[in-house]
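User: Please take me through a few features of a model, one at a time. I would like the general idea first and then the case at hand.

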Amino acid sequence: MSSNQLPAELQDLVVTGKLADNERIKGQSQQLRGTIASDLTDPVSGGFTSDNFQLIRFHGMYQQDDRDIRAERAEQKLEPLHTVMLRARLPGGVITPKQWLAIDDFAKHSSHAGSIRLTTRQTFQFHGVLKRDIKTMHQMLNRIGIDSIATAGDVNRNVLCTSNPEQSELHSQAYEWAKKISEHLLPHTRAYAEIWLDGEKIESTESDRATTAEASGAEVEPILGQTYLPRKFKTTVVVPPHNDVDLHANDLNFVAIAGSGEQAGQLVGFNVLVGGGLAMTHGDQATYPRTADNLGFVPLKHTLAVAAAVVSTQRDLGNRVNRKNAKTKYTIDRIGLAVFKQEVERRAEVTFAAAAPFELTHRGDAFGWTAGIDGKHNLTLFIENGRVFDFVDKPLKTGMAAIAQIHKGEFRLTANQNLIVAGVAERDKAVIEQLARQHGLINDSHSNQRKSAMACVSLPTCPLAMAEAERVLPSYVDRLEALLAKHQVPEEAIIFRITGCPNGCGRAMLAEVGLVGKGPGKYNLHLGGNHNGSRIPKLYRGNLDEQALFAELDSLIGRWVAERQPEERFGDFVVRVGIIAAVVVPKDDFYAA
Ligand code: SRM
Ligand code: SF4
């Protein structure tokens, strides 16, 4: 038996029953090809048919329609206006000005909304791409060395890496590992190149992922397996003390550990944390958000083997019957952390050492200028909702393009939906800052509170949205700012996040105040997350409309200001005084009365 297969004694832990239909789709897809190519030439529908609707996700796209006009089109007996949303693969969120200019140009010509959307996972999305433009889009991306392989679907997604604007030695080493891990866990199928690039080489991956064939003729997927993973899988590389990537939202996390003595400041290995994830389903207590557990420390040389072992353990033991319980977090709670760890050790042929000490102190981005160790400078720009668009009063997209025209360094997208102009020479600082100010990319009136808020995309493009998120965030922050001013703490900031449904894309389940969409205009209010993102907030009040919500927050903020200990954060206060119980063991505590 290969170390990459399930030993006999663990066979009983495999969930049996009727497999989810997605397993059939993957199994019959000829390694993710399906009949996507023929759908592309079908002039009748703007959408993808049957299984292809799911399969395009593995190529980084989702079929969507504009929900604002869905009813109107139905009345006119028209099919929804199908378009795709594309999500790029950008490990660590790094993108060059030349690449930015090309995506800026494509957004102008081919995306309905004309915007570039920075996501909570350090990449960008195009919304509203018509079927006829999809191939052009992939070919344009390929020319600039970007792809969208495995940014969606049951695979390892875009690998995050702390966007450390100080660009320490440790950070640049960690970033190299984020790229290597991303590359190592990619699917091996040539489907992407065949369908979108007419078989051309994929410029963004180091190797042409030519694959060996099974006896059946199918390409071999050595890590992901022939039917890929049971569910989506997310990985980060974290450089303490900065937890901007929100590691507890992820299945697999490599926490960078620096050496001592001669190796001080150098990356020597990683603590490996597994089993984080934030999604749940309203009314289904078998689903819950969960923080990640620390398996221990491994030296650098074992990194890729451990990554592959965690992925393949989840591949073989994850629930393929019920997709709602399929993620790594549920596998670990079902089979036990000790069993999961032992199997990872066996597959990777390592023994985890005791976890190395580390501390995570904060999550927000360091806005404005910071100096790097290379004598260069970095400018972190706050992009509300990650929406790079030419708004009437602030032409952000034009401003970004103007900066890209002259910038000689790179851009870094952050996991907080913001953007860093990185590697700026002293002599170029003034002109870049001037361009940023001129186009509304720097606005000194933005409060700390506004810069600590985040929302998912939600309506009108997200088919799963139950309530608004991105579109209400600015006005909800106005109200929160007004409450902080009323209670005499205008400089304070509460980590405030809105997510349009319980899937949790805006990471409200790691906020101090988290709103989860319940229905149009209605939200569940969660409290008790903490500043560094290691505690899950619990339901405080359900189904609140805007008025009820801000009435609750008014009274809670009033109590916090009156009764807090020095420097005590809102999330810690509500737990300390018993307004809400702390979630310590998510499986047991999240729904406990
Ligand atoms: Fe997400 C599905 C947007 C980060 C959990 N997410 C979706 C879809 C694709 C809806 C769909 O399936 O049709 C949304 C598309 C909306 C649109 O129109 O753009 C969507 N998710 C996003 C983004 C763009 C939100 C944003 O405002 O930035 C983020 C893109 C990340 C990326 O670049 O890859 C995004 N999604 C997240 C996160 C946060 C994170 O990873 O840090 C989570 C919670 C963490 C987690 O996975 O537990 C998240 N998205 C989900 C889920 C629930 C997964 C689950 O475990 O059940 C879904 C639904 C699903 O997979 O079935 C989902
Ligand atoms: Fe859509 Fe829900 Fe994700 Fe928001 S949280 S983007 S509404 S799936």
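**Reading the model**

User: Which residues line the second largest cavity?

Analyst: Rolling a probe the size of a water molecule over the atoms shows where empty space is left. Here, F382, E384, K394, L396, G440 and H446 line the second largest cavity (a set of points on a 1 Å grid over the protein atoms alone where a 1.4 Å probe fits but cannot get out; lining residues have an atom within 4 Å of a point). Its volume is about 40 Å³ (the space filled by probe spheres set on the points, which are joined across faces, edges and corners). By class, this lining has 2 nonpolar, 2 polar and 2 charged residues (Asp, Glu, Lys and Arg are charged; Ala, Val, Leu, Ile, Met, Phe, Trp, Tyr, Cys and Pro nonpolar; the others, Gly among them, polar).

The model is predicted: local features need pLDDT of at least 70 and side-chain atom pairs 80 or more, while totals for chains, interfaces and linings use all residues. Residues are numbered from 1 along each chain as its sequence is written, chains are lettered from A and ligands numbered from 1 in the order written, and side-chain values use heavy atoms, without hydrogens and water.

User: How many cavities of 30 Å³ or more are there, and what surrounds the largest?

Analyst: The count is 2. The largest holds about 100 Å³ of space. It is lined by 12 residues, of which I149, P187, T189, A191 and Y192 are closest to its centre. That lining divides into 7 nonpolar, 3 polar and 2 charged residues.

User: Which protein atom binds the iron of ligand 1?

Analyst: SG of C505, at 2.3 Å, is the only protein donor (an N, O or S atom within 2.8 Å of the metal, or 3.2 Å for Na, K and Ca). Water is not among the atoms, so the site may look incomplete. C505 sits in the loop between β19 (496–499) and β20 (513–519) (strands are DSSP runs of E, at least two residues; helices are runs of H or I, at least four; both are numbered from the N terminus). C505 also belongs to the shell of ligand 2, with C456, C462 and C501 among the others (residues with a heavy atom within 4 Å). That shell has 6 nonpolar, 5 polar and no charged residues.

User: Is N164 buried or exposed?

Analyst: N164 counts as buried because its relative accessibility is 12% (buried is under 20%, exposed over 50%, partly exposed in between; 1.4 Å probe, protein chains only). N164 lies in the loop between β6 (160–161) and α7 (169–184). Leaving aside neighbours within four places in sequence, N164 is in contact (heavy atoms within 4.5 Å) with H171 and R412.

Terms used
1 Å grid on protein atoms, 1.4 Å probe; cavity = no way out; pocket = protein on both sides within 12 Å on 5 of 7 lines; lining within 4 Å.
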